[in-house]
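Got your viewer open? Here's a short tour: select each stop as we reach it, and have a look around before moving on.

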Amino acid sequence: MPQQILGLGLLEAVPESEILEWHDPDDSDEDGISGRAALVKEFDSGLPYIARFGWKSSHASLTSFTQDALNNDIGVTSGNGDADCGYEQLTCRQYSEHSAELADEYLQDLVGYLQALGAPPRDQDSISNDSVLAGEGLFSEAGCDACHRTEMNTDHRHPLAELRGNTIHPYTDLLLHDMGEELADSLTESTDYNQEWRTPPLWGLGMAAAVNGHSSFLHDGRARSIEEAILWHGGEAWESRENYRSMSDSERADLLEFLRSL
């Protein structure tokens with residue numbers, strides 16, 4: 001499933017130090033949550049940075065994220081990314097070695113556009129709704145905010161001035177979490193990490209159906225509603241899922257109403 005692209009520049013502007021505040025791979029505080037910051041090497045510098053984009057947190061910057069999407073999703077080479085040619089695709093391999101199909105200036109234009117896409121606004125009419133307010137409390141009581149962090153701050157070093165010094169509410173910690181065997185896949189290099197997924201931001205969740213034309217969620221679209229997405233949670237999120245299951249019908253309705261207000 002493709003991921004939403006609103007607010008990506010703001011997530012890029014969150015300092016690594018803030019992400020590391022929640023980095024706890026060994027669950028040293030014994031709260032059942034062992035979020036892990038992923039380190040990746042960037043295309044341009046070859047230096048390791050904390051990743052924050054992609055289902056598996058495989059990219060640290062929007063430039064890297066965009067290059068990968070261009071190459072692997074639609075077959076357009078850019079920067080220093082090589083074409084993803086199969087072994088028998090001799091013509092593809094021959095021409096991909098000569099030059100990038102998308103010049104750096106156009107790549108940066110595309111990245112700048114993605115950085116400038118703002119965060120989706122909440123439904124202002126529903127923020128003070130009694131059901132939404134009750135659902136927000138239940139969201140916290142169930143432990144959902146242990147991973148879907150309600151607040152982050154951007155620092156003052158991002159190239160775009162508009163993204164500096166903001167308090168944002170993306171509902172993510174940008175960390176990898178073990179989500180249990182039922183959500184495991186075989187897309188990672190090490191089988192040790194097949195059950196790990198980056199906490200997806202929840203902002204804009206209420207507009208997903210209108211924007212996408214469907215209500216499918218999770219990495220492969222297996223969840224046909226927000227509620228089904230909750231019930232697929234396992235691993236570190238198992239207790240939160242069970243807390244949701246133990247709620248009354250009205251409480252579950254309030255929690256879902258809160259999520260649809262984001």
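Start by selecting helix α10, residues 249-260, in this predicted model. Arginine 260 and glutamate 257 both sit in it, 3 residues apart, which is about one turn of the helix. Show their side chains and you'll see them meet in a salt bridge, 3.2 Å from N to O. Are these two buried, exposed or something in between? Arginine 260 has a relative accessible area of 41%, so it counts as partly exposed. Glutamate 257 is partly exposed too, at 31%. While you're looking at charged side chains, pick Arg241, Glu242 and Arg245: salt bridges with shared partners tie them into one network.

Stay with α10, but turn to the nonpolar residues. The largest nonpolar core in the structure has 26 residues. Among those with the most contacts inside this core are Phe139, Phe217 and Phe258. Which helices each supply at least two of its residues? Colour α6 (130-141), α8 (226-231) and α10 to find out, as those are the ones. The largest share, 4 residues, comes from α10.

Now click on leucine 259, another of the core residues with the most contacts. Leaving aside residues up to four places away in sequence, leucine 259 touches Phe139, Leu202, Leu205, Gly206, Ile226 and Ile230. There's also a second, separate core, this one with 23 residues; select Ile19, Val111, Leu117 and Leu174 to see some of its members.

Back to the charges. How many salt bridges does the whole structure hold? The count is 9. For one of them, select lysine 56 and aspartate 185, whose side chains meet at 3.2 Å, N to O. This pair links distant parts of the chain, with the two positions 129 residues apart. Lysine 56 is in the loop between β2 (48-50) and α3, while aspartate 185 is in the loop between β5 (176-178) and β6 (196-198). Switch on a surface if you like: both lysine 56 and aspartate 185 are buried.

For a contrasting stop, go to arginine 224 and glutamate 228, where the side chains form a salt bridge at 2.8 Å, N to O. Arginine 224 is exposed, with a relative accessible area of 61%. Glutamate 228 comes out at 21%; buried means under 20%, so this residue counts as partly exposed.

Next, the loop between α3 (62-74) and α4 (90-96), where you'll find threonine 77. Threonine 77 is buried, at 2% relative accessibility. Zoom in on its side chain: a polar atom there lies 3.0 Å from the backbone nitrogen of glutamate 101.

Glycine 79 belongs to that loop between α3 and α4 as well, but it is partly exposed, with a relative accessible area of 33%. Beyond residues up to four places away in sequence, glycine 79 touches Gln67, Ala100, Leu102, Asp104 and Leu107. To get a sense of scale, draw a line from the C-alpha of glycine 79 to that of alanine 229: it spans 37 Å, and the two are 150 residues apart in sequence.

Last stop: the cysteines. How many disulfides turn up in a search of the whole structure? The result is 0. Select cysteine 144 and you'll find that the nearest cysteine sulfur, belonging to cysteine 147, is 9.1 Å away. Cysteine 147 is likewise in no disulfide, and it counts as buried, at 13% relative accessibility.

Key. Residues are numbered from 1 along each chain as its sequence is written. This is a predicted model: local features need pLDDT of at least 70, side-chain atom pairs count only at pLDDT 80 or more; totals for chains, interfaces and linings use all residues. Side-chain values use heavy atoms; hydrogens and water are left out. Buried means under 20% relative accessible area, exposed over 50%, partly exposed in between (1.4 Å probe, protein chains only). A polar contact is a pair of N or O atoms within 3.5 Å; within protein, one must be able to donate a hydrogen and the other to accept it, and residues adjacent in sequence count only if both atoms are side-chain atoms. Contact means heavy atoms within 4.5 Å. A disulfide is a pair of cysteine sulfur atoms within 2.5 Å. A salt bridge is a side-chain nitrogen of Lys or Arg within 4 Å of a carboxyl oxygen of Asp or Glu. A nonpolar core is a set of buried Ala, Val, Leu, Ile, Met, Phe, Trp, Tyr and Cys residues joined through side-chain atoms within 4.5 Å.
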